[in-house]
Amino acid sequence: MKTIKNIFFIIILVLMTTNSSLTGMDTLAKVILYNSIKTSSQTLDFSIYLRCLSNKWNAWANGTFQLELPDYKDEINKNNFSIEIVNDTNEFSDPKIIMLPTNDYSYKLLIKDNSFIINIFGPEKYEDCIFIPKDSTISLARLRIINNSLESITDNISWKQPLYIYQACAYKAENDSIIDNNLLWFKHNDNIEMTDRLGTSICDYIIEKMPPPEFTLNYFHAQYIGNSIAEIQWETKSEASNNGFTLTRLRSEYNLNYYEPSTLDTIDTYKTNQNLIGCQNYKGKEYQVILDNIPIAGLKYLYILQYTDYDGNYLAIDTADIFIPRSIINYAQATPNPFHEETTIEYITEDDVILDAKLYDLTGKVIVNFFDDEHISKGIHTIHISKNDLHSSGVYELIFIAKPVDPAKEYTNKVVIKLHFLK
Amino acid sequence: MLYQYVKYSIPVFIFLCLFPVLLISQELKSNGKICNSGKIIIKGNASFTQDSINGTIEFTQNQLGFNQYIPQIKYERLRLKGMTPKILSDSTKNLIVSEEFASDNNVVLKFHQNTELFSQGTTIHQGIINPAFLYGNVVMNGNKLQEIYGKGLFRNLIIDNKNNVIITNSGGFHISNYLVLKNGILINDPNNNLIMDDNSVIARYSEGKLNSHPIIDGRISIEYLGDGLIETGKEIPINDTCKAIYVLNSEGIELTNNINVSDSIVLLSNIYTSSLNKEYSLNFYGNGNPDFLDENAEIIGSFRRFNLNNNRRIFFNNAFTFIDFDGKQIENISNISLKVKPSTSPIHTAPNQVNRLIIVEAVDTSGKKIDEIPEFTFGYGWRHPTETMGVKLSDLILQRYTGDFWRNLISSEKPQQNDNKEWAFSKAYRIKNTGEFTISLPSPQSSNIFAKVFLEGAFMSKDMLGSEIIPYNEISSHYPYYLFDKEVDINTKLDSITDYILFEFKDANTNQMPLYQIAFIKSDGKIIDTQGNYPISIPFDSIKPGEYYLSILHHNHLDIITEEVISISQNSSNLNLDFTKPDLLLGRANSLKLISIDGTTISWAMIAGDIDNNNIIDEVDLGLIYDNLGNNNWFYDINYLGSINTNDYNFVWNNLGRVSAIIK
């Protein structure tokens, strides 16, 4: 009996093989579960691509794609998980990928029987379907699975098997198909499955995955913008397993070459600032500028950029240090000096100041009053003195008195420049 | 028997001449020849040497204590008068009267049982013949119309005149023993009639008959004698019961009216109970059984028996047909009749049947027909080989017609043959139904349906049962399967099962409530029963033979129905129905979906997508699929892949607007 069964099986196998070769069945399309990637500890993003491999069709109708997370057996249900469309269409900027026009296609996403079910429905008419030339690829959806429990999600995702049961993919018939004897096989606008009724798929279902992204920082800048405020900004080129950033700061005396750990302050963190939540992707991100209000001038500060990976580890990426000046006019010089016709005094305020600037003769008499406790912003400034402003040759004194804008800060900076006027 | 009473004599002639009226007061003894054209009145005894005498001869002795002996010659007119018994003493001679035989009302005529009185003219009988004996043949055998009348008593009156005998003058004579209607008509009527005394017998030959019913004083018996087939006539009492009936003629009798028999029925030949397409019944009230003097004799037609005996075989139409209740209580049965139709094919035929039909009918004491009676053993016989029609004798069994088909009665014994090899007979046990019976080779008891169909959605799908995609324990809760109101016994180990279907048999003639049969489709399209048998064998108890439109109903495919009537019978019990071909179906190709082309073989399938079972595929069906995406509900799962998805949706989409040829 067993022998008979074996012979029967062989005959069936031969017949099926023969039949397949006779019909010349070729692969019409390839559906790709593309690049599933954890975008946070609880989210897993992936794309579904459809690649046309045949000239026999060119308009995609609809499909059902069922996915499962093998690491979660009997745990996938609507309470524990959710699935949603990711509308970030710029995720990949590959111009070869055609995006599915979401105004013509609709989605019905389900979680049932331990699987994620993505139903996509297209237009009723062939003419309204998206046109997919042979060898082109269309992105059917960018999706996100969210683990609603506090556990980290796995990135082990796969097509639910057997494929011919759980996956469906259909194209739209362009014309009526009339065969011999005027038999109508299918008609215009029919949806033609890419899986035959014997369960033999003429549509491949594969998984493609890029190498995981590395964490690459494009830049990390910190600069003093005056008024005791430092501006910190950074941009990533790609991110891997990044829950989010944390920005900290150390300070030190100007002449010291180390930072005292006890001075560590957390400036900002993804735990409180959503703008600092990281991701895992290949294109990076320019993060919003952080402004740090420096409490003490005259010190140097070190900013440290860290991120927290999906395992909770803090990883330092880069540092940037700045000096916050105590003397707020740190440069002043007249050129030329001595002078005959005029001279230009260039001075630099390292911070916004309340500036008093007056030209005195040797008797102490104010010859020219340039500023009388006026607000001057941080930067490079100039003052011009002409021979017409002076009565006679001699030595004059230009005295700058800069005071902090914040009256609470009591220190005052005074700079004196001696000028020689020669008639 | 009649021949015991019928005698003929050889006359002796004596020559004597006489005057017109001659009174002989003493003895008349003639050695010569008396030529008489007048009347001779003889008051004493007389003797003649002549064989015949003309004129009128009157024997008138009127004195008790004497006998007046009547010479046994041929008279022209013979008149008997007076109280003195008139004796025909010569047992070797008959007495012949050519013109008139008359007896007065006080005349007693005695003669030997071997002697016969031939009255060839008018018979006027007021007297009594053989008062102490039941014999004494008076034969009316003239060659012209004869009259008979008088109030006298005949023992045996034999009518043997092809020119008939007529009763006149109000008739009124009695016959105490036999009226033999041998030839000609005894023309009687209600006003000129004879009286048959109790226990008398009317014996008929094929050439003799009565014109009208006689007056019957008590119960009479009827005998049929001679050659030829005899149609019964006025000899049968209208409302009275015959004591006995003897069918002793060569070709039997044909009833022209019902006959009730109280004591016995004796057959040497057949009784046919139908005539000119009229059915009559032979009703028998006797406790005994009919006496079949010849095994070939039988009652062809209806034979009803009353006073049934439950302790012995109750024989019916022939020597092989009986019912035996074997002691069971049958008090409530008034009568049972068997109508036997030999050499007759049943109206509802089945293959290989013997040409004999037996119809059993029972009536209870309230006069109501009853279909079931206590179990009995049924003995049956048929003429072999003439009625066997070449069918193998040893395999024949009894069959009963259920009203729809012939049911094989498997308790039938193997048939035997009688000694002269003219009959085959057997018996069957534990019969309890009345109705039509016949003898036959075992007939098909079910319709074998070799059917094939494909479902578009589940084309060639297999092992749906094993994979539990289709249910096996709640099928009866789903349309259309709940229409099959019998318990469904499913062999859950069956493989290659695609799905259930429901056959609907709609009677083409009555359009009555349809009958249903649930079944499986295999992956190769064959329709098998729920135990895995192919073909589906549907007992005629479930789907009775007849003409049907056959539909296949399904829970999410459009129903289909045959265009032509499908005939189910025991003669054509195998039905080959290929529902994968449009030609079979109403609506032809519009009722199916092209599903497969394999070389020159084109297969069609039932159209998928009628989820709401209204036989129209529309947006409602599409919506039902959409709402059930992701479920594994078999009812919505069109492709039977266990998960409802866009593939199922597309089946509906592609068939939008399709409708079944069956309008709901």
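A salt bridge here is a side-chain nitrogen of Lys or Arg within 4 Å of a carboxyl oxygen of Asp or Glu. With that in hand, let's look at one arginine in chain B and one sheet in chain A of this predicted model. Local features need pLDDT of at least 70, side-chain atom pairs count only at pLDDT 80 or more, and totals for chains, interfaces and linings use all residues. Side-chain values rest on heavy atoms, without hydrogens or water.

**Arg155(B)**
- Arg155(B) sits in strand β16 (residues 153–160) of chain B; strands are DSSP runs of E, at least two residues, numbered from the N terminus.
- Arg155(B) is buried but has no salt bridge, where buried means under 20% relative accessible area with a 1.4 Å probe, protein chains only.
- The nearest side chain of opposite charge is that of Asp197(B), 6.0 Å away; Arg counts as positive and Asp as negative.
- The side chains of Arg155(B) and Ser176(B) share a polar contact of 2.6 Å (a pair of N or O atoms within 3.5 Å, one able to donate a hydrogen and the other to accept it).
- A polar atom of the Arg155(B) side chain also lies 2.9 Å from the backbone oxygen of Pro131(B).

**The sheet in chain A**
- Three strands make an open, antiparallel sheet in the order β23-β24-β27.
- β23 (329–335) and β27 (379–386) are the edge strands, each with a single partner, so one side of each has no neighbour in the sheet.
- β23(A) and β24(A) (residues 342–349) pair over six bridges; pairing takes at least two DSSP bridges.
- Gln333(A) stands opposite Glu346(A) in β24(A).

Methods. Residues are numbered from 1 along each chain as its sequence is written. Chains are lettered from A and ligands numbered from 1 in the order in which they are written. Helices (H or I, at least four residues) and strands (E, at least two) are DSSP runs, numbered from the N terminus. Buried means under 20% relative accessible area, exposed over 50%, partly exposed in between (1.4 Å probe, protein chains only).
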